[in-house]
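The following exercises are to be worked through with the sequence and the coordinates at hand. Each task is followed by a solution in steps.

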Amino acid sequence: MRSAKLLPLILVTVGAVMMPQKPAFGSHAPAKRIVVAASTLLDGKGRVLHGVRVVIQGAKIISVKPGAPDGASADYDLRGLTVLPGWIDAHVHITWSFGTDGKNAGQGGTTPEASYAAASNAYQTLLAGFTTVQSVGSLADITLRDAIAKDQLPGPRILTSAEPIMGRGEQTGTPEELRAFVRKQKAAGADLIKLFASGGMTRGTKTLSEEQLDAICDEAKKIGLRTLVHAFRDAVAAATLAGCTEVEHGLGASEDDLKLMAEKGIYLDPQAGLLLENYIENKTRFLAPPYYTEESFAAMKDLIPAHQEFLTRAAQVPGLKILYGTDAVAGMHGRNAEDFIHRVRDCGIEPMAAMVSANSLNAESLGLADQIGAVAPGHEADLIALDGDPLKDITAVRRVVFVMKGGIVYKDVVGGALRIPAKVQP
Ligand SMILES: [Zn+2]
């Protein structure tokens with residue numbers, strides 16, 4: 001597959017001075033006007049528009065008007081495809097990769113190989129149609145985020161938690177110590193706080209007390225950061241009652257817990273199959289006790305239907321906001337869209353709901369509803385096009401043939417050949 005307008009790859013320098021910084025949104029796009037013609041456009045909020053022109057100036061969408069022009073008056077003629085806002089993945093680990101020995105190298109490596117692998121993960125994710133990701137759990141995310149924001153590397157916008165808080169009961173720290181840790185992450189440049197409030201998928205209960213959870217989520221709120229909580233079973237209700245922003249995974253939460261989340265407006269980010277399939281497929285690469293054991297791998301097979309049953313049940317809870325997050329680890333970067341297929345095929349999620357979860361709903365959960373996740377005037381010009389209609393055939397999400405982020409086109413291929421814009425402006 002060939003791609004247009006690749007930016008030069010530059011080695012990520014991990015370990016540079018960290019400055020608090022918000023994601024810079026597309027400030028480097030040329031200020032010229034671009035017209036995109038679409039015959040079918042999903043607006044990211046649940047509407048389908050037919051025959052429209054999307055006008056872009058610099059990094060922003062300035063209008064979405066009915067009346068698709070003929071191909072000759074559009075810079076990008078995307079008629080015959082399905083156009084939608086760039087997807088958002090609410091949970092990835094962008095720096096996780098397999099090392100030179102083929103084994104899971106985890107996060108935060110600073111070797112040249114690890115840095116290139118992280119840059120490659122970002123590029124693959126962007127080419128797969130994901131223009132923004134929330135990456136949780138590594139300080140190495142910060143330098144990658146900033147390099148992408150400065151257009152030094154092609155990749156999705158990254159929001160990151162920097163270092164996570166690993167729940168270890170009393171040892172995790174006093175409420176005051178935890179508040180200080182939250183402030184330290186903000187000072188290091190974190191966009192949000194990630195915390196582990198329970199053990200793994202198959203074992204363990206709550207690993208943070210109510211007092212600790214309250215301290216973390218309250219301090220984060222006070223300094224303007226969201227909180228993303230890894231939680232199973234009893235930790236789900238605890239995170240909800242502590243007023244945290246988002247629950248990850250959630251397996252084992254009761255009907256009442258899910259209703260409480262809906263009532264309090266806490267987001268749920270479950271996974272529907274890709275994550276566990278990836279672990280199973282790459283078992284020999286991940287196997288490393290004490291976290292990845294033979295025992296935990298044996299349990300994973302049964303956990304796939306358990307997660308799917310959980311998501312099916314969660315989707316029935318009125319008002320519960322279900323996000324799209326894949327938990328992309330090594331082996332998953334660039335395959336983030338596969339979980340859409342699981343959600344629709346295995347969990348009965350409506351295709352439109354699946355698309356909206358990765359567009360406007362995820363944008364809302366990031367506090368960026370007015371900037372990304374919708375095709376609307378004033379929003380970032382993040383557009384992707386699929387060869388096929390995901391509302392009729394969800395596997396169309398595998399066929400991303402066009403990717404624009406902040407007004408810059410990173411991919412424009414049809415049938416494997418480079419598409420030349422119908423009209424190239426000077
Ligand atoms: Zn994760």
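**Exercise 1. A pair of strands and the adjoining helix**

How many bridges join strand 13 to strand 14, and in which sense do the two strands run? Then describe the sheet and the surroundings of helix 5.

*Solution.* The model is predicted.

Step 1. Strand 13 (residues 226–231) and strand 14 (residues 246–249) run parallel and are joined by 4 bridges. Within this pairing, Val229 has Val247 of strand 14 as its bridge partner.

Step 2. The open sheet consists of 5 strands in the order 11-12-13-14-15, with parallel pairing. Its edges are strand 11 (165–166) and strand 15 (267–269), each of which pairs on one side only.

Step 3. Helix 5 (residues 234–241) has 6 of its 8 residues buried. These are Ala235, Val236, Ala237, Ala238, Ala239 and Thr240. Their cover includes helix 4 (210–222), strand 13, strand 14 and helix 6 (255–264).

Step 4. After helix 5 comes Gly243, with a positive phi near 75 degrees.

**Exercise 2. The zinc site**

Identify the protein donors of the zinc ion, and determine whether His91 and Asp327 are buried or exposed.

*Solution.*

Step 1. The zinc ion has His91 (NE2), His93 (NE2) and Asp327 (OD) as its protein donors, at 2.0 to 2.1 Å.

Step 2. Along the chain, the donors follow the spacing H-x1-H-x233-D. His91 belongs to strand 6 (residues 87–92), while Asp327 lies in the loop between helix 9 and helix 10 (338–347); the pair is 236 residues apart and links distant parts of the chain.

Step 3. The cut-off for a buried residue is under 20% relative accessible area. His91 counts as buried because its relative accessibility is 0%. Asp327 is likewise buried, because its value is 9%.

**Exercise 3. Strand 10 and the surroundings of Asp382**

Trace the connection from strand 9 to strand 10, then locate Asp382 and list its contacts.

*Solution.*

Step 1. Strand 9 (residues 130–135) pairs with strand 10 in the parallel sense over 4 bridges, and Thr132 stands opposite Arg157. From strand 9 the chain passes through helix 2 (residues 140–149) to strand 10, in a right-handed β-α-β crossover.

Step 2. In strand 10 (residues 157–160), Arg157 and Leu159 point one way, Ile158 and Thr160 the other, and all are buried.

Step 3. Asp382 is placed in the loop between helix 11 (351–365) and strand 16 (383–386). It counts as buried because its relative accessibility is 4%.

Step 4. Leaving aside neighbours within four places in sequence, Asp382 contacts Leu84, Pro85, Gly86, Thr131, Thr132, Arg157, Ile372, Met404, Lys405 and Gly406. For Asp382 and Gly406, a sequence separation of 24 residues goes with a C-alpha to C-alpha distance of 5.5 Å.

**Exercise 4. The nonpolar cores**

Which residues of the largest nonpolar core touch the most other members, and which helix gives the most to this core?

*Solution.*

Step 1. The largest nonpolar core has 87 residues; those touching the most other members are Trp87, Leu258, Tyr279, Leu320, Phe340, Met355 and Val397. Helix 9 (residues 294–314) gives the most to this core, namely 7 residues.

Step 2. At least three residues of this core come from each of domain 1 (33–85 + 373–424) and domain 2 (87–365).

Step 3. Not counting residues up to four places away in sequence, Tyr279 touches Phe286, Tyr292, Phe297, Met300 and Val329.

Step 4. A second, separate core has 22 residues, including Leu41, Ile56, Ile61 and Phe402.

How values were computed. Residues numbered from 1 in each chain as written. Predicted model: local features only at pLDDT ≥ 70, side-chain atom pairs only at ≥ 80, totals over all residues. Heavy atoms only, no water. Core = buried A, V, L, I, M, F, W, Y, C linked by side-chain atoms within 4.5 Å. Buried < 20%, exposed > 50% of the residue type's maximum accessible area, 1.4 Å probe, protein only. Domains from an automatic or database assignment. Contact = heavy atoms within 4.5 Å. Donors = N, O, S within 2.8 Å, 3.2 Å for Na, K, Ca; no water. Pairing = 2+ DSSP bridges. Right-handed = clockwise from strand over helix to strand, strands pointing away.
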